[in-house]
Amino acid sequence: DMKVAFIGLTAPYETYHLNGYTIENPIDSLQDTLQLIDQEDTDLIILLSHLGLETDRYIANLFPEIQLIIGAHTHHVLIEGEWENQSFLCAAGKYGNFVGSIDLYFDQATDTWQMSAEVLSIHQLSQRYNLPKESDYYKQEGTKQLEERWVADIPETFQALQTTGANSFIQMALNAITEATGVENAVLSSGL
């Protein structure tokens, strides 16, 4: 009988314009979204944040109704989570080097949430569960295959940070994805 609201926000990358998205200020957007949520009927609000640790802390102090913030973007690792104001902040790094878990418990007697988190490195996880050591086989095989095959001869220089125009690497990649898959829109991380 519990209702949980999930809200997702990401950093406002300029490249989103390429797919026709309207970029809004994430804080303003969060405020508008929170007004749409019936907080009388919601037991837990979780923010999936790709805004960075400092912004997550800022949000925790600005919006007391958010109980849990699962963060990314700054690739931070919060080994046991961290409390900021009334919000529990969690994050497990980047590239799958860590695995995190969050335990939530609702105490009906006090009408409060208790939360704890744990983040383990892949090495720690392997040791804990007695898993075989990780192999570099696939990475080595991929590198070998990439070195064996000439993929393309491109006469122009494409610019990674140029978001529009004939020499935009991002636009070329988006066009290639939509053409190859037959979809109307594609999304790429601007970090690529």
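Ala, Val, Leu, Ile, Met, Phe, Trp, Tyr, Cys and Pro count here as nonpolar, Asp, Glu, Lys and Arg as charged, and the others, Gly among them, as polar. Keep that split in mind for the first stop. The model on screen is predicted.

**Stop 1: the cavity**

Select Thr 15, Tyr 16, Asn 19, Ile 170, Leu 174, Ala 186, Val 187 and Leu 188. These residues line the largest cavity. Its lining divides into six nonpolar residues, two polar and no charged. The space inside is about 40 Å³. How many cavities of 30 Å³ or more does a search of the whole structure find? The search finds one.

Now add Ala 173, which sits in helix H5, residues 169-181. Ala 173 has a relative accessibility of 17% and counts as buried, because the cut-off for buried is under 20%. Draw a distance from its C-alpha atom to that of Val 187. The two are separated by 9.5 Å, with their positions 14 residues apart along the chain.

**Stop 2: the tyrosine cluster**

Keep Tyr 16 from the cavity lining. Add Tyr 13 and Tyr 21: ring pairs link these three tyrosines into a cluster. Aromatic pairs in the model come to four. One of them is Tyr 16 with Tyr 21, an edge-to-face pair. The ring centres are 6.3 Å apart, and the planes make an angle of 80°. Check the surface around Tyr 21: this residue is partly exposed, at 38% relative accessible area.

**Stop 3: Trp 83 and Phe 88**

Select Trp 83 and Phe 88 for another ring pair. A pair of aromatic rings is described by the distance of the centres and the angle of the planes. Here the centres lie 4.8 Å apart and the planes meet at 40°, so the pair is tilted. Which partner is buried, with a relative accessible area of 2%? Phe 88 is the buried one. Trp 83 is partly exposed, at 45%.

**Stop 4: the charged network**

Side chains of opposite charge can pair when their charged atoms come close. The whole structure holds four salt bridges. Start with Arg 57 and Glu 54, whose side chains meet at 2.8 Å, N to O. Both lie in helix H2, residues 53-62. They are three residues apart, which means a separation of about one helical turn. Glu 54 is exposed, at 55% relative accessibility. Arg 57 counts as partly exposed, at 22%.

Next select Glu 82. Arg 57 forms a salt bridge with this residue too, and the closest N and O atoms are 2.7 Å apart. This pair links distant parts of the chain: Arg 57 is in helix H2, Glu 82 in strand S4 (residues 82-84), 25 residues apart. Is Glu 82 buried or exposed? Glu 82 is buried, with a relative accessible area of 19%. Show Glu 54, Arg 57 and Glu 82 together: salt bridges with shared partners join them into one network.

**Stop 5: Lys 3 and Asp 41**

Move to Lys 3. Its side chain meets that of Asp 41 in a salt bridge of 2.9 Å, N to O. Where do the two partners sit? Lys 3 is in the segment before S1, and Asp 41 is in the loop between H1 and strand S2 (44-50). The pair spans 38 residues of chain. Lys 3 is partly exposed, at 45% relative accessible area. Asp 41 is partly exposed as well, at 39%.

**Stop 6: the pocket**

Select Leu 9, Thr 10, Thr 22, Ile 23 and Glu 24. Of the 13 residues that line the largest pocket, these are the closest to its centre. The pocket has a volume of about 190 Å³. Its lining divides into seven nonpolar residues, five polar and one charged. Colour strand S1 (4-10) and helix H1 (26-36): each supplies at least two lining residues. Which element gives the most to the lining? S1 does, with three residues.

**Stop 7: the S6–S7 hairpin**

Finish with strands S6 (residues 98-107) and S7 (residues 112-121). They run antiparallel, joined by ten bridges. Select Asp 107 and its bridge partner in S7, Thr 112. Four residues lie between the strands of this hairpin. Among the hairpin's residues, pick Asp 111, which takes a positive phi near 55°.

Note on methods: Residues numbered from 1 in each chain as written. Predicted model: local features only at pLDDT ≥ 70, side-chain atom pairs only at ≥ 80, totals over all residues. Heavy atoms only, no water. 1 Å grid on protein atoms, 1.4 Å probe; cavity = no way out; pocket = protein on both sides within 12 Å on 5 of 7 lines; lining within 4 Å. Points joined across faces, edges and corners; volume = space filled by probe spheres on them. Pairing = 2+ DSSP bridges. Phe/Tyr/Trp six-rings, centres within 6.5 Å; stacked < 30°, edge-to-face > 60°. Buried < 20%, exposed > 50% of the residue type's maximum accessible area, 1.4 Å probe, protein only.
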